[in-house]
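Me: I am new to this structure and would like to learn how to read it. Please take me through it one feature at a time.

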Amino acid sequence: MNIFIYSTFLLYGIIIGSFLNVCILRIPNHTFFEKSRSYCPKCGYSLKWFDLIPIFSFILLKGKCRKCKESISLQYPLVEALNGILYVWIAIMYVNNPDLNLLTAVLYCLLTSALIVISVVDMRTYIILPQLNIFILILGLINLVFNLGEWYTYVIGFFAISTFILILVLLNAMGDGDMKLMAVSGLLLGWKLIVLSFFIGCIVGTVVHLWLMIFKKKGRQLPFGPYLSVGIFLAMLYGEKWIEWYLRILF
Ligand SMILES: [Zn+2]
């Protein structure tokens, strides 16, 4: 039974991951709704259905265009595999945690996919896509409708970190896309988990970015979306446990 759940999540994860690549490619160019088939950017070869099977086509083609042998970006299979693996991770938490219901697990999967698109685009362009923030807002509203008894947890979550980041935005220390991301994610996860997300994001961001600056001579400009996304993902799955553990040590 569990194997069935895991493989279902994996399959959906990989297929949706394939769609995420389309989002990453097309939303920043405003070509999302254009009805064109995927094609090779070098020779214009229009990809057939058998060129578009997630992960497998990339392996069979050895990462090259079928016609002109131009290299295909490794980003495509990586995003598909990552989305699939993270869905299975969520499925494992769902199977082992009776407090996590199926609706929440599905909302978590969709949030994770949105975070992948946000992170990849932020790393490339330093922009947090507003379309994806709106998508997370919708997920948060769906969750709110099903948990109206605890509406204040989620409404406070919307403001908890975002109002703090607003100060940083006014000081030009952070982008308003980050602020909106933390607002809508806070609405979905509640105030405790979004505060924890921000802490984890800051710690991971500081460690990784210092390493990049020292060893890779990268500049100071910091795309914060990927770090916030890591924080949100970990807090979403382990936050309740970590906060409980922390409070037990403290008191
Ligand atoms: Zn080609």
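The dialogue below goes through domains, helix packing, the core and some single residues.

Reply: Keep in mind from the start that this is a predicted model.

Me: Let us begin with the domains. Which domains does the assignment give?

Reply: The domain assignment divides the chain into domain 1, residues 1–96, and domain 2, residues 127–251. Their centres, taken over C-alpha atoms, are separated by 26 Å.

Me: Next, helix packing. How are two packed helices described?

Reply: Two values are used for packed helices: the angle between their axes and the distance between the axes. Here, take helix α1 (residues 2–26) and helix α3 (residues 75–96): their axes come within 7 Å and cross at roughly 145 degrees. The crossing of α1 and α3 is right-handed. As for the residues in the contact of α1 with α3, 18 are nonpolar, seven are polar and one is charged.

Me: Where do nonpolar side chains tend to be in soluble globular proteins?

Reply: In such proteins, nonpolar side chains tend to be buried together. In this model, the largest nonpolar core has 54 residues. Those with the most contacts inside this core are Ile90, Val117, Ile118, Met182 and Met236.

Me: Which elements give two or more residues to this core?

Reply: They are α1, α3, α4 (102–125), α5 (130–146), α6 (151–160), α8 (176–189), α9 (191–215) and α10 (225–250). The largest share, 11 residues, comes from α4.

Me: Why does this core lie between domain 1 and domain 2?

Reply: The core lies between them because domain 1 and domain 2 both give residues to it.

Me: Take one of the core residues, Met182. Which residues is Met182 in contact with, leaving aside neighbours within four places in sequence?

Reply: Met182 is in contact with Ile161, Ser162, Ile165, Ile194, Phe198 and Leu228.

Me: Now burial. Is Thr112 buried or exposed?

Reply: The count to look at is the number of other C-beta atoms within 10 Å, and a residue with 20 or more is buried. Thr112, in helix α4, has 22 such neighbours and therefore counts as buried. Not counting residues up to four places away in sequence, Thr112 touches Leu86, Ile90 and Phe233. Ile90 also appears among the core residues with the most contacts. Thr112 and Leu141 are 29 residues apart in sequence, and their C-alpha atoms are 16 Å apart in space.

Me: What about Leu110, which is also found in helix α4?

Reply: Leu110 has 16 C-beta neighbours inside 10 Å, so this residue counts as partly exposed. The C-alpha atoms of Leu110 and Tyr87 are separated by 9.1 Å, with the two positions 23 residues apart along the chain as the separation.

Me: Let us turn to the loops. Where is Glu70 found, and what does Glu70 touch?

Reply: Glu70 is in the loop between α2 (56–60) and α3. With 13 C-beta neighbours inside 10 Å, Glu70 counts as partly exposed. Setting aside residues up to four places away in sequence, Glu70 touches Cys40, Lys42, Cys43, Lys64 and Cys65. Cys40 is 30 residues from Glu70 in sequence, and 8.3 Å from it in space, C-alpha to C-alpha.

Me: And Leu52?

Reply: Leu52 is found in the loop between α1 and α2. Leu52 counts as partly exposed because it has 13 C-beta neighbours inside 10 Å. Its contacts, leaving aside neighbours within four places in sequence, are Ser38, Leu47 and Ser57. From Leu52 to Phe224 there are 172 residues in sequence and 31 Å in space, C-alpha to C-alpha.

Me: One last feature, the backbone angle phi. What sign does phi have in most residues other than glycine?

Reply: In most of them phi is negative. Lys62 has a positive phi of about 55 degrees although it is not a glycine. Lys62 sits in the loop between α2 and α3, and Lys62 is exposed, with 9 other C-beta atoms within 10 Å. Asn172 also has a positive phi, near 65 degrees. Asn172 is placed in the loop between α7 (162–170) and α8. With 7 C-beta neighbours inside 10 Å, Asn172 counts as exposed.

Methods: Residues numbered from 1 in each chain as written. Predicted model: local features only at pLDDT ≥ 70, side-chain atom pairs only at ≥ 80, totals over all residues. Axes fitted to C-alpha atoms, helices over the stretch in contact; angles between N-to-C directions. Helix = DSSP H or I, 4+ residues; strand = E, 2+ residues; numbered from the N terminus. Left-handed = near helix turned anticlockwise from the far one by under 90°. Nonpolar A, V, L, I, M, F, W, Y, C, P; charged D, E, K, R; others polar. Core = buried A, V, L, I, M, F, W, Y, C linked by C-beta atoms within 7 Å. Buried ≥ 20, exposed ≤ 12 C-beta atoms within 10 Å, placed from the backbone. Domains from an automatic or database assignment. Contact = placed C-beta atoms within 7 Å.
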